[in-house]
Amino acid sequence: MKSEQLKNHKITRAIQHASPHFDERPDESDISLLVIHCISLPEGEYGTPYVKDLFMGELQSNAHPDFAPLDGLRVSAHCVIRRDGTLEQYVPFDKRAWHAGQSRYCGRKRCNDFSIGIELEGTDQSAYTDKQYQCLVEVTELLLMHYPKLNRRRIIGHEHIAPGRKTDPGSGFDWPRYLNQL
């Protein structure tokens, strides 16, 4: 990805969806952590519209029995990378997406304040696709170029900032593969 592929804190090639689930960062210059997540709705089913519906605040909790606990949930991520490598962006990077929940990193609470959240379509146990790794590497390199407080040592999983509460991206995520490609 080239530098011109990020404009107004949005990746120009990404499919843009304007999630209502975001707010202002306390310090928009403090973008210093990248958090990798995974998501599928229902769990283990891919290519459904439900992830988009969740992040847009349009998920019908009666659409699937597993969705009842999600009723009224207000969450988002900056980006989602689908199994086929399609990139969707829900929140501009200079805004605070609601992806990390109760979290802590290096003694700081509220990781949403200073992080970017990227969701990979998958489960904690599933292997991710080659196209997802390729897209994730490209997006990460672009972010590293544009946000100087981000670096390779500040790329972590949701499991690392919310241990005991979250397990994603899980055992199916190949950290050495991803980090070695950067």
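# A chat about loops, a pocket and salt bridges

Reader: Hi! Where does His9 lie?

Author: Hello! His9 sits in the loop between E1 and E2. Before we go on, please keep in mind that this is a predicted model.

Reader: Thanks! What is phi of His9 near?

Author: Phi of His9 is near 65 degrees, which is a positive value in a residue other than glycine.

Reader: And which other residue lies in the loop between strand E1 (6-7) and strand E2 (10-11)?

Author: Asn8 lies there, between those two strands. Asn8 is not a glycine either, yet its phi is positive, at about 55 degrees.

Reader: Is Asn8 buried or exposed?

Author: Asn8 is exposed, with a relative accessible area of 62%. For His9 the value is 27%, so His9 is partly exposed.

Reader: New topic: cis peptide bonds. Where does the one that ends at Pro42 start?

Author: That bond runs from Leu41 to Pro42, and its omega is near -15 degrees. Pro42 belongs to the loop between E5 and H1.

Reader: What about Asp168 and Pro169, what joins them?

Author: A cis peptide bond joins them, with omega about 10 degrees. You can find Pro169 in the loop between helix H3 (158-161) and helix H4 (175-181).

Reader: Let's look at pockets. How much space lies in the largest pocket?

Author: The largest pocket holds about 730 Å³ of space. It is lined by 30 residues, and those closest to its centre are Cys38, Ile39, Glu119, His158 and Lys166.

Reader: Which elements each supply at least two residues of that lining?

Author: Strand E5 (33-39) and helix H1 (50-56) each do so. The largest share comes from E5, with three residues.

Reader: And how do the residues of the lining divide into nonpolar, polar and charged?

Author: The lining of the largest pocket has 12 nonpolar residues, 10 polar ones and eight charged ones.

Reader: Okay, on to salt bridges! How many does a search of the whole structure find?

Author: The search finds nine salt bridges. One of them pairs Arg13 with Glu138, whose closest N and O atoms are 3.1 Å apart. Arg13 lies in the loop between E2 and strand E3 (15-16) and Glu138 lies in helix H2 (residues 130-146), so this pair ties together parts that are 125 residues apart in sequence.

Reader: How accessible are Arg13 and Glu138?

Author: Arg13 has 38% relative accessibility and counts as partly exposed. Glu138 counts as partly exposed as well, at 23%.

Reader: Which residue forms a salt bridge with Glu88?

Author: Arg82 does, and the closest N and O atoms of that pair are 3.2 Å apart. Glu88 has a relative accessibility of 8%, so it counts as buried. Arg82 counts as buried too, at 9%.

Reader: And which residue meets Arg177 in a salt bridge?

Author: The side chain of Asp130 meets it, at 2.7 Å from N to O. Because Arg177 lies in helix H4 and Asp130 in helix H2, the pair ties together parts that are 47 residues apart in sequence. Arg177 counts as partly exposed at 27% relative accessibility, whereas Asp130 is exposed at 53%.

Reader: One last thing: which residues are joined into one network by salt bridges that share partners?

Author: That network joins Asp23, Arg96, Arg110 and Asp113.

Methods. Residues are numbered from 1 along each chain as its sequence is written. This is a predicted model: local features need pLDDT of at least 70, side-chain atom pairs count only at pLDDT 80 or more; totals for chains, interfaces and linings use all residues. Side-chain values use heavy atoms; hydrogens and water are left out. On a 1 Å grid over the protein atoms alone, a cavity is a set of points where a 1.4 Å probe fits but cannot get out, and a pocket is an open set with protein on both sides within 12 Å along at least five of seven lines; lining residues have an atom within 4 Å of a point. Grid points are joined across faces, edges and corners, and a volume is the space filled by probe spheres set on the points. Helices (H or I, at least four residues) and strands (E, at least two) are DSSP runs, numbered from the N terminus. Ala, Val, Leu, Ile, Met, Phe, Trp, Tyr, Cys and Pro count as nonpolar, Asp, Glu, Lys and Arg as charged, and the others, Gly among them, as polar. Buried means under 20% relative accessible area, exposed over 50%, partly exposed in between (1.4 Å probe, protein chains only). A salt bridge is a side-chain nitrogen of Lys or Arg within 4 Å of a carboxyl oxygen of Asp or Glu.
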